[in-house]
Amino acid sequence: MHDDIPLTIGRARRVLDERIVPAVHATSVPLEVAWHVLPGEPVPPTEGLALGYEPYEVGSPWGAAWGTTWFRLRGTVPADWAGRRVEAVVDLGFDVNMPGFQCEGLVYRADGTPVKSINPRNQWVLVSDEARAGEQVEWFVECASNPVLLDYHPFLPTDEGDVQTSSPRPLYTSRRMDLALFESELHELALDVEVLLELQAELPQGPRRMRVLQALDDALDALDLQHLVATAPAARAALAPVLASPAEASAHRISAVGHAHIDSAWLWPVRETIRKVARTASSVTELIDQTDDFVYGMSSAQQYAWVKEHRPEVWARVVAAVEAGRFLPLGGMWVESDTVMPSGESIVRQFSQGQRFFEREFGIRPAGVWLPDSFGYSPALPQLMNRAGFRWFFTQKISWNQVNKFPHHTFEWEGIDGSRTFSHFPSMDTYNSQLSGAEVAKASVQFRENRLASGSIAPVGWGDGGGGTTREMTGKAARLADLEGSARVAWEHPDVFFERARGELVDPPVWVGELYLELHRATLTSQHRTKQGNRRTEHLLVEAELWATAAAVRTGADYPYDELDSLWQTVLLHQFHDILPGTSIAWVHREAVAEYARVEAATRAIVERSQAALVGEGDLEIEVNSSPVARDGVAAFSARVVGPRDVRPVELVARDGGFVLTNELVRVVVDAQGLVVSAVDLATGRDAVAPGQVAGLLQLHQDFPNMWDAWDVDRYYRNTVTDLRELDGMEARVDETGTVQIVVRRSFSASSAVQTLTLAPGRRTLEWAQQTEWHETEKFLKVAFPLDVRAEHTTAETQFGAVRRPTHVNTSWEAAKFETSMHRFVLVDEPGFGVALVNDSAYGFDTTRDSDDGAVSTTVRLSLLRAPRFPDPATDQGTQTHRFGLVIGTDLAGATAEGIWMNVDRTTTTGARGVLPLVTASEGVLVSSVKLADDRSGDLVVRLWEPVGRRVRATVRVDAEVTGVEAVSLLEGALSGAGAGAGAGADGLGEDGSVELALGGFEVRTLRFGLASS
């Protein structure tokens, strides 16, 4: 036979697109439309329904950027449509290629009950399956005219990303608002043809493909293009045999779960996400009602909470669907957060706030962590997930790697402490599947565990901006349930998938260490004020809990449970993986900075009133140490009356236009350009600065990545660099405490920086406080420290521990890590000597090995500021502040302490007395949190961790009358599963309120003490 394959494919595609699909709603009558344009922010639906409406003509422009327009639709079912399925079709001016990224709406009945959403891929609303002649229709549609920011030419700078700068011109022109007959046979035929067209494209040349193509030809021969409705059944009959042919016994098994992955903010503000969640939830609950087996999964307790608070009419439908087992709470976190930058306590609170919400509202604790789109995953996560009671982990983001293909899809992930979590990446490499033939085939073909395991997960639905699963997707799933040449598709709870996969993979492969994403590396730096606010508030919240707990236990003060929960929830929301990474529009980051300021003020107020209750009324000056490490003679978590101090001032000597600074521990030489040319540890005589180099050197790079401006920095940025050595001025001063400060002023390009270098008595850290007036475009600012250390690895802080990374680039895996993450410090060391860099608000750094005449040194550069133009064209413009320090001669324990001190303010207050620590821990462990239990029982919760990676035996003591102690989960309940492994318990309670326990390297432990007063 002649090869007619292209002819058949072309014929089927054209008939499908140009004849069958348009005919599904071809018979229609226009609706009567009226509108009301809101002058400002959205209003509740009850107010929207009561607005005054004016006539609107379909085809007229509507909707300025970020505006809200209410449309009222009225119509009457024609008499000859009686008994037929009737739907409304509403096209607001959609581009079907951009669901979730443009205008959308939520349909309400006149009584205020929600119906479903309207979006580019979901333009219909059911009137009735069996309409009555003359039936009256009245709907109200709350429409959001969100601007398209990620257009066909993406990443173009735009001012539309903030309501304060966006254009008032209408963005959309409606095309259609009609009542229409729904031709169900044509709809089903469209799905038949599409599934078979996509299937044949993935099949090898052979009998199955040929028979599918022949069936398509036969069906199209039976279809009269002028009488589509009448001949659709015959066309479907021609396709029925190939659709009924069952899948092979060994076919890959796809566990589909409805999904929308609604970003809690990104190219839209938080207020718009609240509405997006309501729209999507309305549509998927409607779809649940219309199907028998479809299940929909949604993560993020915050999004459920928004629906409950702002759209109670939608919430009722969600609750009913959850109770029916069809709407699945997933993930157990407050939001789908970034996991690289938040502190350990923040990750714990993501889990505890999320699980508390799900348990309180639904009686459910999700069993797994669902994070499909975060930008890399901390190696601390396996332990934290296990200790919170989770049994599995899911993501797909690592499939975005630029260079290296991840070797597993279902595997055990091992963290820094040795904990392992059963993990899965969907082999179709997407969290927004449409169940296309290409996606289904890809899932089967590239599944790495095909030898032993039977299947993979497919999150199905339009996502990022919401929309979720459509009836077309459920229709495809029905056809793919058992179809020859395809993987089998079934709707299934992820818990069921993971249980089956665990049984199939008795000895799964293991990945050890961080899940580093070889992309989006610049998210460690973009939007510095957001990152600074996160670091500051997550520390202040822990501090507020500490002092509020001490005040409650010792003075009977009320513990601010509700206030702390609310403040934590605000910080956790802003750790969402497009807010904290700095990749959202200007509106989002403007609001984030304001929210951080509000949280900071509120937490400081809690600290102040709690400390006031503890120290009493008086005029004595009292110094407070809120950190878990003793500081300048003040014990951890204590306060003491300031007394006389015997301090040896730092010696300051002018030399060669620069200065020499010397204290008991270190000697630092600053040259005439304000750069550090020597930093000697006096005990060892070792100079931290590499010979002939300068430390603290600001360096400016051109920074214009190939795409994803706020997200990416591409390797070639290193090809050009400008060293910022020019000096505007420099002066030195000594304050009353004997501390030396050197103020250095520089101008460069369109910007300027003032650096204050500080060396205090008895400290081995040279600190920089930098204020930058940043007015650059597409530039990257770093500060370089060439160190005379032959380090085989860097050791960077992560949650409750540290991650070691090679300094070499022997393989493509190391070479891809040209920008990496840290929290409060990064350490480079060799046997006998180490140097650390500490910071108060930076998260990114890079490392290179350098050689001069055979001597290998290590250069570490902190990443300070960027200036991408998309999605926020004014990213980081204006005044920015940083603090960072060079710790001269230290080890991992010392770097940890210095990093803590950099981030926990040293404060003073006035009162009548000092305060002894409520909780003390022996050397070798650090206390992360002291708080009252979330269940409001009055129990005391203490969390601690081992910070340097070695086994230790520790003692924890509570200075209160203690009635009992138990080791508990991060959720403060009984340990179970992997979290209850070796070492989970604690020894008995001592008479002095102390308990002994053994910890492994980087192990996190949570203790719950009963108090006599509780």
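**Overall architecture and selected local features of the predicted chain**

The accessible surface of the protein chain amounts to about 36,400 Å², and carbon and sulfur atoms account for 50% of this area. The model is a predicted one. Buried residues constitute 62% of the 1014 residues in the chain. Along the principal axes, the C-alpha atoms occupy a box of roughly 100 × 70 × 60 Å.

The secondary structure of the protein chain consists of 18 helices and 52 strands. The radius of gyration is 31 Å, close to the 31 Å given by the globule rule for 1014 residues, so the chain is as compact as a globular protein of that length. Of the contacts between residues at least 6 apart in sequence, 75% join residues at least 24 apart. With respect to charge, the chain carries 94 positive and 138 negative side chains, and the centres of these two sets are separated by 2 Å.

Two individual sites, N625 and S454, were examined through their surroundings. N625 belongs to strand β23, which spans residues 620–625. This residue counts as buried because its relative accessibility is 4%, below the 20% limit for that class. The side chain of N625 forms a polar contact with the side chain of S627, at 2.8 Å. When neighbours within four places in sequence are set aside, the residues in contact with N625 are W547, A630, R631, V634, A635, A636, F637 and S638.

S454 is located in the loop that connects α11 (437–445) with β20 (455–460). At a relative accessibility of 23%, S454 is classed as partly exposed, since the partly exposed class lies between 20% and 50%. Its side chain makes a polar contact with the side chain of E504, at 2.5 Å. E504 is also among the residues in contact with S454 once neighbours within four places in sequence are left aside; the others are A251, H252, R253 and R500. In contrast to these contacts, S454 and R913 lie 67 Å apart in space, C-alpha to C-alpha, with a sequence separation of 459 residues.

The backbone was also inspected for departures from the common conformations. Most residues other than glycine have a negative phi, and most peptide bonds are trans. H520, a residue other than glycine, has a positive phi near 55°. H520 is situated in the loop between β22 (510–512) and α14 (528–555). With a relative accessible area of 3%, H520 is buried.

A positive phi of about 55° is likewise found at D656, which is not a glycine. D656 lies in the loop between β25 (651–655) and β26 (658–662). Here the relative accessible area is 71%, so D656 is exposed, the threshold for this class being over 50%. The two residues thus occupy opposite accessibility classes, H520 being buried and D656 exposed.

The remaining backbone feature concerns a proline. The peptide bond from F870 to P871 is cis, with an omega near 5°. P871 is placed in the loop between β43 (855–866) and β44 (878–888).

Methods:
Residues are numbered from 1 along each chain as its sequence is written. This is a predicted model: local features need pLDDT of at least 70, side-chain atom pairs count only at pLDDT 80 or more; totals for chains, interfaces and linings use all residues. Side-chain values use heavy atoms; hydrogens and water are left out. Helices (H or I, at least four residues) and strands (E, at least two) are DSSP runs, numbered from the N terminus. The radius of gyration is taken over C-alpha atoms; the globule rule is 2.2 Å times the number of residues to the power 0.38. Buried means under 20% relative accessible area, exposed over 50%, partly exposed in between (1.4 Å probe, protein chains only). Contact means heavy atoms within 4.5 Å. Accessible areas come from the Shrake-Rupley method with a 1.4 Å probe; for residues, only the protein chains shown count as cover. Lys and Arg count as positive and Asp and Glu as negative; His and the chain ends are not counted. The place of a charge is taken as NZ of Lys, CZ of Arg, CG of Asp or CD of Glu. A polar contact is a pair of N or O atoms within 3.5 Å; within protein, one must be able to donate a hydrogen and the other to accept it, and residues adjacent in sequence count only if both atoms are side-chain atoms.
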